[in-house]
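I opened the notebook today to look up charged side chains, unusual backbone geometry and salt bridges, one after another. The entries below follow the order in which I went through them.

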Amino acid sequence: METLRVRGDRLSRRLEELGQVGAIEGGGCARLALTDADRAGRDLVVTWMRDLGLDVTIDEIGNVTAERAGSDGGPPVMCGSHIDTVATGGRYDGNLGVLAGLEVLETLAEAGVTTRRPLAVAFFTDEEGSRFAPDMLGSLVYAGAMTVEEAYDLVAIDGARLGDELARIGYLGATPCPGRVPHAYVELHIEQGPVLETGGEVIGAVTGVQGISWQEVTVTGQSNHAGTTPMSYRHDAGYVAAAATVFVRDLAAELGGHQVGTVGTLDLHPDLVNVVAGRARFTVDLRNTDEPDLRRAEDRLAGELERLGAAEGVTVARRPLARFAPVEFDPAIVELVESTAASLGFPARRLPSGAGHDAQMMARLCPAGMIFVPSAGGISHNPAEHTDPEHLEAGANVLLHTLLQLAGGLSLGAALDAAALDAAAPTAAAPTAAEPESSGGPA
Ligand code: GLV
Ligand code: MN
Ligand code: MN
């Protein structure tokens, strides 16, 4: 039998069409979670799922799953990602994993292949977390690490309540959360960094995801006249926010290694040229592959905020938005992705993920892993985000054959017998139990 391949042109066409929903200047997308644009994107993908005759379900947090039956039944081998974007997003982040999953299922249908286990492709609600923190919310709730009630009460940056928005856009489904435990979960995603492109590799076998710490900091000082207030009399919230921003940058440089730090939002009040800012609100995103190092960075920042506040005579309040410990993916899946890429002739390397992904939540439930493809210039969360069509296709083919081996089907031109499959498939269903507990969401 010929080695099965996806149709790259069909995948690219669907990415292009979905990219038109919420399109913004520069070729990107704005589909913040649970907005009208998100609803339109969801409707399009659900139409494609139904057109393929898949069994589509919507759960209580709005995650959508489309399943294709297997000959033996049981829990499905699942793939997927997200279709919400940041407000200045590209057309590949998340969308690739979902549409490549769909492409895999269509390829199997066309070839008349029935796998032993069912196969499912999902898109999870609010992966980005830009509108409703924390990020990876839908998969977090799917994995049972946050209740639907807690999630419904989350408040967006625009003041909307999550549960109300979910109902408003028609995606408050009935399938209960936590969701069904899959046999395994594999997510294809763009790398969103420069490693694969720099190394000339086409496929990344993702070893894990670094830890994520988000907090919102509110500084309260005193608004005053910019001309008449001597410098020593000031309680300048804007100054403290600026000093903290510089501190975050310097801290990451000082700690080195995998430490990164970002102040991505800054809001001054009253935000006028001739008024000392009485209030500043900003967010800090700290990430590290090492949990103790991440904790050290958080502690250093907390100490500096205290020092700055006391020196300027302002109050500083911190509110956690998201906190997830680093996650390691199942070694058998990492190995399987690597060997599948090699069998298909794609240069590959192992690497950790710098971005958060739904796979890190699914890793709490079942053996999980990820496949990366290169991002041109390492650019993401930017309308200019780009991945070459042949790399999109390569990633989808690695996804196809990884899923086939996990689900028990014909792969790489050979019929895999049950023993070979069971040897390739991971056995331990437990996620990385040695990892420190992590929790998401506002305290
Ligand atoms: C989510 O996509 C994140 O890593 O910020
Ligand atoms: Mn993503
Ligand atoms: Mn993203």
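**Entry 1, Arg91.** I began with the side chain of Arg91, which makes a polar contact of 2.6 Å with the side chain of Glu16. I then looked for backbone partners and found that the backbone oxygen of Gly27 lies 3.3 Å from a polar atom of the Arg91 side chain. The model is a predicted one, and I keep that in mind for every value that I write down here. As to its place, Arg91 belongs to the loop between β5 (77-81) and α3 (95-111). Is Arg91 buried or exposed? I note it as buried, because its relative accessibility is 16% and the cut-off for buried is under 20%.

**Entry 2, Asp36 and its partners.** Next I turned to Asp36, which I located in helix α2 (residues 36-51). Its side chain makes a polar contact of 2.7 Å with the side chain of Arg168, and another, of 3.1 Å, joins it to the side chain of Arg39. I also looked up the backbone separation for the first of these pairs: Asp36 and Arg168 are 132 residues apart along the chain, while their C-alpha atoms are separated by 9.2 Å. With a relative accessible area of 44%, Asp36 is recorded as partly exposed, since that class runs between the 20% and 50% limits.

**Entry 3, salt bridges.** How many salt bridges does a search of the whole structure find? The search gives 28, and I went through several of them individually.

I took Arg42 and Asp38 as one pair, where the closest N and O atoms are 3.3 Å apart. Both residues lie in helix α2, four residues apart, which is about one turn of the helix, and I noted that both Arg42 and Asp38 are buried.

Asp164 and Arg161 form another salt bridge, with 2.8 Å between the closest N and O atoms. Here I wrote down partly exposed for each partner, because the relative accessible area of Asp164 is 43% and the relative accessibility of Arg161 is 30%.

I then looked up Arg323 and Glu298, whose salt bridge has its closest N and O atoms 2.9 Å apart. This pair links distant parts of the chain, with Arg323 in strand β15 (residues 315-324) and Glu298 in helix α9 (residues 291-312), 25 residues apart. Arg323 is buried, and Glu298 is buried as well.

Which residues are joined into one network by salt bridges that share partners? My list reads Asp36, Arg39, Arg131, Asp158, Glu165 and Arg168. I went back to Entry 2 at this point, as the network includes Asp36, Arg39 and Arg168, and the side chain of Asp36 makes polar contacts with Arg39 and with Arg168.

**Entry 4, backbone geometry.** I looked up cis peptide bonds and noted one between Cys177 and Pro178, with omega at about -5°. Pro178 falls in the loop between α6 (162-168) and β7 (184-190). A cis peptide bond also joins His269 and Pro270, where omega is about 5°, and Pro270 is placed in the loop between β12 (266-269) and β13 (275-276).

The loop between β12 and β13 also holds Asp271, for which phi is near 65°, a positive value in a residue other than glycine. I marked Asp271 as exposed, because its relative accessible area is 57%.

I set Asp126 beside it, again not a glycine, with a positive phi of about 50°. Asp126 is found in the loop between β6 (119-123) and α4 (137-142), and I recorded it as buried because its relative accessible area is 1%.

**Entry 5, a charged patch.** Where on the structure do Glu197, Asp388, Glu390 and Glu393 gather? I found them in a patch of negative charge on the surface. From this group I followed up Asp388, which lies in the loop between β18 (368-373) and α12 (389-407). I wrote down partly exposed for Asp388, because its relative accessibility is 30%.

How values were computed:
Residues are numbered from 1 along each chain as its sequence is written. Chains are lettered from A and ligands numbered from 1 in the order in which they are written. This is a predicted model: local features need pLDDT of at least 70, side-chain atom pairs count only at pLDDT 80 or more; totals for chains, interfaces and linings use all residues. Side-chain values use heavy atoms; hydrogens and water are left out. Patches are made of residues with over 30% relative accessible area and no salt bridge: like charges are joined within 9 Å, nonpolar side chains (Val, Leu, Ile, Met, Phe, Trp, Tyr) within 5 Å. Accessible areas come from the Shrake-Rupley method with a 1.4 Å probe; for residues, only the protein chains shown count as cover. A salt bridge is a side-chain nitrogen of Lys or Arg within 4 Å of a carboxyl oxygen of Asp or Glu. Lys and Arg count as positive and Asp and Glu as negative; His and the chain ends are not counted. The place of a charge is taken as NZ of Lys, CZ of Arg, CG of Asp or CD of Glu. Buried means under 20% relative accessible area, exposed over 50%, partly exposed in between (1.4 Å probe, protein chains only). A polar contact is a pair of N or O atoms within 3.5 Å; within protein, one must be able to donate a hydrogen and the other to accept it, and residues adjacent in sequence count only if both atoms are side-chain atoms.
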